[in-house]
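Here is a short briefing on one protein model. Read the points with the structure open beside you.

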Amino acid sequence: MRARLVAGNWKMHGSRQANAGLLDALVAGLGKGGAQAARCAVCVPFPYLEQVAARLAGSSIAWGAQNLSEHAAGAYTGEVSGAMLAEFGCRYVIVGHSERRQLFGESDARVAAKFAAARANGLTPILCIGETLEAREAGRTEAVVAAQLEAIVATAGAEAMRNAVLAYEPVWAIGTGRTASAEQAQEVHAFLRGRLAQRDASVAQALPILYGGSVKAANAAALFAMPDVDGGLIGGASLVAEEFLAIVAAA
Ligand code: PEP
């Protein structure tokens with residue numbers, strides 16, 4: 001049985017006060033140290049890592065960041081290294097989110113370097129890949145996601161996916177309210193697992209593949225019922241305790 005994970009991506013949202021309410025509601029809802037079928041995590045803006053670590057201490061909820069530098073240290077103003085995140089107790093870090101790729105020009109090569117930096121520091125990368133609407137309509141979904149996955153596997157090796165999480169996030173479904181159907185998600189997840197299996201069957205079998213893109217309490221159960229959908233990466237709905245808890249319960 002594969003590990004299941006529901007990870008929240010707060011994006012650039014939050015305040016100390018709002019976070020406190022949200023985190024306390026999540027801890028109350030999931031129980032201190034309680035066992036769940038799915039693991040649960042929140043990926044938050046850097047300044048809130050300390051608050052999240054303190055508030056979630058002793059709970060079953062893990063935490064992480066949304067980005068990291070590909071460099072270990074040095075004259076990189078504004079950047080945050082994997083070692084710094086590890087020192088804060090982060091378990092996860094999102095790598096290659098489509099907003100980073102599109103708005104900040106992160107190439108496949110840079111995403112691969114960030115992925116390697118995360119692993120080198122003992123962090124579990126949540127690697128995001130996904131096609132644009134234009135690519136889907138042109139019938140290029142598989143070619144796009146295969147190339148994005150290949151960029152990592154070609155440099156890090158298939159074995160590098162053993163301590164990683166893959167998130168399929170169609171760009172057209174992120175923050176748009178338009179979700180991939182459960183069947184569309186399953187089709188791409190099965191394709192990705194199959195691609196990886198060509199290199200290493202046991203790594204492919206064990207890899208959690210999350211779906212992300214307008215997941216809500218109302219559509220989570222159908223998505224998570226698919227055999228290759230092992231949980232979700234949740235943006236907007238992770239900011240509402242009730243919604244996020246219901247999504248975790250669905251997993
Ligand atoms: C995301 O930010 O990764 C995401 C999937 O966002 P949303 O759930 O809001 O579509």
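The points below are grouped by topic.

This is a predicted model. Strand β3 covers residues 61-65, and 5 of its 5 residues are buried. It pairs with β2 and with β4. The search for disulfides finds 0 in the whole structure.

**Strand β3 and its surroundings**

- Is strand β3 enclosed or open? It is largely enclosed by the rest of the structure, because 5 of the 5 residues are buried.
- In a regular strand, side chains alternate between the two faces of the sheet.
- Both faces of β3 are covered. On one side, Ile61, Trp63 and Ala65 are buried. On the other side, Ala62 and Gly64 are buried as well.

**Neighbours of β3**

- Strand β2 spans residues 39-43 and runs parallel to β3. The two are joined by 4 bridges.
- Which residue of β3 is the bridge partner of Cys40? The partner is Ile61.
- Helix α2 (residues 49-56) belongs to a β-α-β unit with β2 and β3. That unit is right-handed.
- Strand β4 spans residues 92-95 and also runs parallel to β3. Here 2 bridges make the link.
- Ala65 stands opposite Val93 of β4.
- From β3 the chain passes through helix α3 (residues 82-87) to reach β4. This β-α-β crossover is right-handed.

**The loop before α3**

- Ser81 sits in the loop between β3 and α3.
- Ser81 counts as buried, because its relative accessibility is 5% and the cut-off for buried is under 20%.
- A polar atom of the Ser81 side chain lies 3.1 Å from the backbone nitrogen of Met84.

**Cysteines**

- A disulfide is a covalent bond between the sulfur atoms of two cysteines.
- How many disulfides does a search of the whole structure find? It finds 0.
- Why is Cys40 not bonded to Cys43? Cys43 holds the closest cysteine sulfur, but that sulfur is 10 Å from the one in Cys40, so it is too far for a bond. The cut-off is 2.5 Å.
- Cys128 also has its closest cysteine sulfur in Cys43. The distance is 9.0 Å, which is too far for a bond.
- Cys40 is buried, at 2% relative accessibility. Cys128 is buried too, with a relative accessible area of 1%.

**Aromatic rings**

- How many aromatic pairs does a search of the whole structure find? It finds 1.
- A pair of aromatic rings is described by the distance of the centres and the angle of the planes.
- The charged end of Arg100 sits over the ring of Phe104. It is 4.1 Å from the ring centre.

**Positive phi in two loops**

- Lys11 has a phi near 50 degrees, a positive value in a residue other than glycine. It is found in the loop between β1 (5-9) and α1 (16-30).
- Is Lys11 buried or exposed? It is buried, with a relative accessible area of 19%. The cut-off for buried is under 20%.
- Ser214 has a phi near 55 degrees, also a positive value in a residue other than glycine. Its loop lies between β7 (209-212) and α10 (217-224).
- Ser214 counts as buried, at 15% relative accessibility.

Conventions. Residues numbered from 1 in each chain as written. Predicted model: local features only at pLDDT ≥ 70, side-chain atom pairs only at ≥ 80, totals over all residues. Heavy atoms only, no water. Phe/Tyr/Trp six-rings, centres within 6.5 Å; stacked < 30°, edge-to-face > 60°. Lys NZ or Arg CZ within 6 Å of the ring centre and 35° of its normal. Buried < 20%, exposed > 50% of the residue type's maximum accessible area, 1.4 Å probe, protein only. Pairing = 2+ DSSP bridges. Right-handed = clockwise from strand over helix to strand, strands pointing away. Polar contact = N/O pair within 3.5 Å; in protein donor to acceptor, adjacent residues only side chain to side chain.
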